Amino acid sequence: MKELILNNTDTETGEIAAAVIEGKRLTPEEALTLYRKADLALMAVLATAAKRAKSGDDVFFNRNFHIEPTNVCIYNCRFCSYHKSEDDPDSWELSENDILDIVRRFDGLPVTEVHITGGVHPSRDIHYYGKIIASIRRLRPDISIKAFSAVELDYMIRKAGMTYPEGLKLLRDYGLDSIPGGGAEIFDASLRRKICREKADAETYLAIHEAAHNLGISSNATILYGHAESPEQRIDHLLRLRELQDRTGGFNAFIPLKFRRENNRMYDLGEVPVTEDMRNYALSRIFLDNFSHIKAYWPAIGKNAAMMSLAFGADDLDGTIDDTTRIYSMAGAEDINPTLSTTELVAMIRSAGFKPVERDTNYRKIREW
Ligand code: V47
Ligand code: SF4
């Protein structure tokens with residue numbers, strides 16, 4: 001394979017590609033060259049080699065459900081199609097009972113995870129959310145609770161006058177198992193100021209994930225790509241995550257989130273083509289050599305692109321038998337009420353030539369399909 005690559009690329013790209021095949025870590029400069037110069041087919045080959053070195057033929061999925069407690073948010077990110085102010089007729093706030101009713105709908109079903117995230121509500125506090133987690137834990141001691149992005153955590157922990165480790169420890173004692181990757185957006189300070197000026201900055205996001213990892217709370221990481229960011233800014237984002245992962249090893253998966261433009265103030269930027277999505281998945285898989293998993297979140301990119309991403313290094317289709325998230329349907333994603341049966345998910349993975357494996361939150365294998 002090395003000869004094939006070297007004979008079909010310029011010397012510099014060929015050498016970088018050969019280094020990837022040999023499992024060497026890329027510098028940001030090498031990643032940029034690859035990103036700029038390698039054709040899409042080469043990106044697919046390299047990302048698949050890197051994926052196979054991590055997870056062989058396996059492609060994972062899990063059975064989870066989402067709860068979005070509120071879309072009321074004190075922030076006003078330019079790309080967000082979802083947040084509302086408290087007095088807006090389209091805002092919603094679920095009570096504790098509403099939330100527990102959603103959990104009860106899954107009684108007796110073999111779900112393994114609940115994913116809870118939403119807007120940053122001005123008057124909910126850490127104990128309010130902690131008690132809800134404890135109630136969910138009592139109802140379903142068997143499922144893993146993945147809750148609150150670093151942005152939500154930053155607000156509730158600061159409001160309680162606690163340090164991040166103190167706040168996270170409290171939530172862990174209430175029953176929190178892991179934290180989702182939301183809120184990362186793009187770490188570059190000048191671009192971040194333009195698209196989500198008010199909320200937690202990159203350093204805060206990373207500090208919260210690091211504190212969580214140090215307490216044994218695993219997490220995911222994301223990037224919001226395909227808006228105004230440059231390839232250099234994407235790579236800088238990946239680099240900061242790679243450095244943190246070197247220190248803690250606490251990230252389970254990296255999830256590239258494609259910017260969707262409907263109903264938000266960044267509409268005029270348009271959306272990137274699917275070729276750019278695939279290049280981005282591949283680059284993530286190649287550069288993040290210390291992340292075990294790259295997740296394609298199909299409600300955001302659509303089922304077809306999610307299947308394609310499996311040829312560009314993704315090894316996890318965010319599962320779900322009933323995805324009730326509204327973040328993407330409101331931002332223009334194809335699937336308005338995203339649901340996918342296990343049979344469909346298994347068929348999607350097989351159609352890309354891989355072996356479907358059901359997993360739990362921490363990627364322990366539950367069943368090979
Ligand atoms: O942080 C908001 C993104 C994120 C738009 O950890 C948008 O398993 C695209 O993080 N276009 C929240 N993206 C969702 C999230 C997530 C999703 C699935 C799984 C996991 C996990 C985490 O959604 C936000 C923001 O980056 N987002 N608006 C938009 N218009
Ligand atoms: Fe609020 Fe999150 Fe929307 Fe930003 S992306 S406005 S933090 S709900």
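**Two domains, two ligands**

The domain assignment splits this protein in two: domain 1 covers 2–38, and domain 2 covers 46–368. One caution before we go on. This is a predicted model.

Let's start with the interface. The C-alpha centres of the two domains are 30 Å apart. In contact there are 14 residues from domain 1 and 16 from domain 2. Together the domains bury about 1,400 Å², with 65% of that on carbon and sulfur atoms. Which residues of domain 1 supply 49% of the area it buries against domain 2? They are Arg 25, Pro 28 and Tyr 35, and no other three residues give more.

Now the polar side of that interface. Three salt bridges are counted between domain 1 and domain 2. Take the pair Arg 25 and Asp 246. They form a salt bridge, and their closest N and O atoms are 2.8 Å apart. So much for charge; what about polar contacts in general? Across the interface, eight residue pairs are in polar contact, both residues at pLDDT 80 or more.

Next, where the domain 1 side comes from. Two elements each give two or more residues to the side that touches domain 2: α2, at 11–21, and α3, at 28–37. The largest share, six residues, belongs to α3. Sort that side of domain 1 by class and you get eleven nonpolar residues, one polar and two charged.

On to the ligands. Ligand 1 first. How many residues are around ligand 1? There are 23, and the ones that come nearest are Lys 146, Gly 181, Gly 183, Glu 185 and Lys 295.

Here are some distances to oxygen atoms of ligand 1. For Glu 185, a polar side-chain atom sits 2.4 Å from a ligand oxygen. For Gly 181, the partner is a backbone N or O atom, at 2.8 Å from an oxygen of the ligand. Gly 182 also brings a polar backbone atom, 3.1 Å from an oxygen atom of ligand 1.

Then ligand 2. Its surroundings are Cys 73, Tyr 75, Asn 76, Cys 77, Phe 79, Cys 80, Tyr 82, His 83, Gly 119 and Lys 199. By class, this shell holds six nonpolar residues, three polar and one charged.

To recap. Arg 25 appears twice in the interface story: it is one of the three residues that supply 49% of the area domain 1 buries against domain 2, and it forms a salt bridge with Asp 246. At ligand 1, Glu 185 is among the residues that come nearest, with that 2.4 Å side-chain distance to a ligand oxygen.

Terms used:
Residues numbered from 1 in each chain as written. Chains lettered and ligands numbered in written order. Predicted model: local features only at pLDDT ≥ 70, side-chain atom pairs only at ≥ 80, totals over all residues. Heavy atoms only, no water. Domains from an automatic or database assignment. Contact = heavy atoms within 4.5 Å. Buried area = accessible area lost by both parts, 1.4 Å probe. Salt bridge = Lys/Arg side-chain N within 4 Å of Asp/Glu carboxyl O. Polar contact = N/O pair within 3.5 Å; in protein donor to acceptor, adjacent residues only side chain to side chain. Helix = DSSP H or I, 4+ residues; strand = E, 2+ residues; numbered from the N terminus. Nonpolar A, V, L, I, M, F, W, Y, C, P; charged D, E, K, R; others polar. Near = heavy atom within 4 Å.
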